[in-house]
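Some notes follow on the model you sent. They take the metal site before the pocket.

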Amino acid sequence: MGYVNLCNVITDFADTTSILYIKQKNLAMTTTHTQQTESKFVALASIAAELYSVMTVAWGVSLAAKNAKVISAQSGEKGRGFQPITEFIDEIAQLAMTGVNEINNEALQLTKIAVTEYRNIDAYHRFDSVREKNSKAQYIKSMTPAMKQVEQNMQLSTKIFKKSLSNLTQLLETMDEYMLSARAIASVSRIVTSNAQEYSNQLKVVADDLDQAASYIKDKLSESYQHLNNVKMQTH
Amino acid sequence: MKATKIFDQGHQWYMFGRDPEKPEGIIDTNQYMVVAGNRALLMDPGGIEVFAPMLGAILHHANVDQITDLFASHQDPDIISSLGLWDQALPNAKLHAPWIWEGFIRHFGMNNIQYVAIPDEGHNISLGSVDFELIPAHYLHASGNFNVYDRKAKILMSGDIGAALESSESPLFVEDFNKHIPKMKMFHQRWMPSNRAKNDWVNRVRELDIEYMAPQHGRIFKGDDVKRFLDWFEALDVGIAVQSEAF
Ligand SMILES: [Fe+2]
Ligand SMILES: [Fe+2]
């Protein structure tokens with residue numbers, strides 16, 4: 001079952017305002033943070049660092065889902081309702097792992113672009129100060145082509161930076177939606193497992209695991225948003 | 001940044017330095033430029049912080065397009081950390097620098113400029129009408145290091161050799177050699193590691209006819225002060241910070 005179908009299943013459970021909530025929460029947090037804003041580079045590197053542990057957690061969930069599949073198979077008729085849900089859980093764990101990989105790659109890419117952008121802006125300002133302070137220099141005009149190039153480089157790298165920043169935001173938002181789905185699935189699981197009689201405890205553990213993992217990942221995403229907001233605050 | 005023409009017979013030598021706007025805490029440096037016809041060579045162009053005043057000062061004397069060649073005596077940040085900026089100002093230039101430092105110097109950022117690796121024995125840089133000999137000065141202080149010798153002008157750009165640590169208001173030329181010694185002594189003893197390499201260099205440089213010896217820090221030696229420097233340096237014990245002996 002693909003992610004789209006999965007979404008239909010969980011729509012009723014999902015708190016669709018959650019992403020807004022995180023954004024608002026972060027806005028509130030960054031306001032208190034303004035006195036000691038971390039540098040752009042540290043903020044970007046921190047996103048990858050925050051999400052590093054998510055990989056392990058997601059892998060753990062995938063493992064638990066595979067166990068749950070075995071359990072639901074063993075429980076035969078009683079576990080039937082739980083079987084598709086174990087599929088969902090595994091699927092969501094896979095999506096989380098792929099998603100984190102993408103986020104890490106984008107964050108790394110963005111860090112590199114930020115360095116290039118920083119160097120190009122720095123170069124522009126240094127060239128500009130030459131132009132400003134030496135307007136009467138005999139050969140000042142010979143600098144015009146290089147000056148234009150430096151300005152173009154600066155504009156281009158800023159454009160690329162903004163594009164990558166919006167990609168990263170998008171990826172974090174998608175990941176956040178996955179985690180909403182995961183929590184919804186956990187809720188459904190709890191209802192279904194209550195009918196699984198002697199297996200119900202074991203299945204409940206899997207549902208709880210998923211719920212915990214999803215909320216852990218959501219926390220990490222929320223911290224990543226905070227870093228991202230620091231970056232955005234420093235982007236003009 | 002102050003620019004001083006130190007030679008003007010057919011081609012010109014400029015010394016740049018003594019920058020009153022230099023940020024606190026960075027060592028004062030001398031940069032040199034030779035203009036020969038429609039080409040120019042920039043020697044030890046300096047650190048990131050001196051890039052803007054340096055380029056500004058150059059534009060009073062030369063067109064940026066004239067600068068076809070850069071030279072870095074060695075890999076130090078005060079010598080060439082401005083490379084990433086020159087790379088954008090002079091995308092078609094060549095950088096002559098010791099072969100052993102290529103992988104290191106490229107860390108300063110170089111996308112356009114061409115790296116011309118100087119072999120250990122040196123090579124010549126030609127600006128068309130004038131040739132410059134690159135004189136090996138390895139281990140003085142960097143393990144791959146060169147001086148630039150202009151036979152026509154009788155000028156030796158000696159990099160860190162002959163350097164003195166003093167304020168950025170000090171005069172351009174050595175006026176009293178003996179009084180200058182205390183400003184040079186520690187620099188040479190601490191930064192230069194090898195007596196053998198030092199004496200080898202002194203012997204090589206004694207063969208050259210030198211009117212000006214122009215270091216990257218401090219003052220220029222003129223006439224007899226060049227010989228005085230060579231004698232003083234030859235007698236100096238360098239590489240002094242050997243743990244068991246020094247402390
Ligand atoms: Fe040096
Ligand atoms: Fe130096």
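1. The iron ion (ligand 1) has four protein donors, B:H74 (NE2), B:D76 (OD), B:H141 (NE2) and B:D160 (OD), at 2.0 to 2.2 Å. Please bear in mind that this is a predicted model.

2. The angles between the four donor atoms at the iron ion (ligand 1) run from 86 to 170 degrees, so the arrangement is irregular. A tetrahedral label would require all angles to lie between 85 and 135 degrees.

3. Along the chain, the donors of the iron ion (ligand 1) are spaced as H-x1-D-x64-H-x18-D. B:H74 sits in the loop between β5 (67-71) and α2 (77-80) of chain B, and B:H141 in the loop between β9 (131-136) and β10 (146-150) of chain B, so this pair ties together parts 67 residues apart in sequence.

4. Both histidines can be checked for accessibility. B:H74 has 0% relative accessibility and therefore counts as buried. B:H141, at 14%, also counts as buried, because the cut-off is under 20%.

5. B:D160 is also a bridge: it links the iron ion (ligand 1) with the iron ion (ligand 2), and the two ions are 3.4 Å apart.

6. The largest pocket has a volume of about 520 Å³. It is lined by 24 residues, of which A:R119, A:N120, B:G84, B:Q88 and B:N111 are the closest to its centre.

7. Which element gives the largest share of the lining of the largest pocket? It is α4(A), with eight residues. At least two residues each come from α4 (83-133) and α5 (144-193) of chain A and from α3 (83-89) of chain B. By class, this lining has eleven polar, nine nonpolar and four charged residues.

Methods:
Residues numbered from 1 in each chain as written. Chains lettered and ligands numbered in written order. Predicted model: local features only at pLDDT ≥ 70, side-chain atom pairs only at ≥ 80, totals over all residues. Heavy atoms only, no water. 1 Å grid on protein atoms, 1.4 Å probe; cavity = no way out; pocket = protein on both sides within 12 Å on 5 of 7 lines; lining within 4 Å. Points joined across faces, edges and corners; volume = space filled by probe spheres on them. Helix = DSSP H or I, 4+ residues; strand = E, 2+ residues; numbered from the N terminus. Nonpolar A, V, L, I, M, F, W, Y, C, P; charged D, E, K, R; others polar. Donors = N, O, S within 2.8 Å, 3.2 Å for Na, K, Ca; no water. Tetrahedral: all angles 85-135°; square planar, octahedral: opposite > 155°, others 65-115°. Buried < 20%, exposed > 50% of the residue type's maximum accessible area, 1.4 Å probe, protein only.
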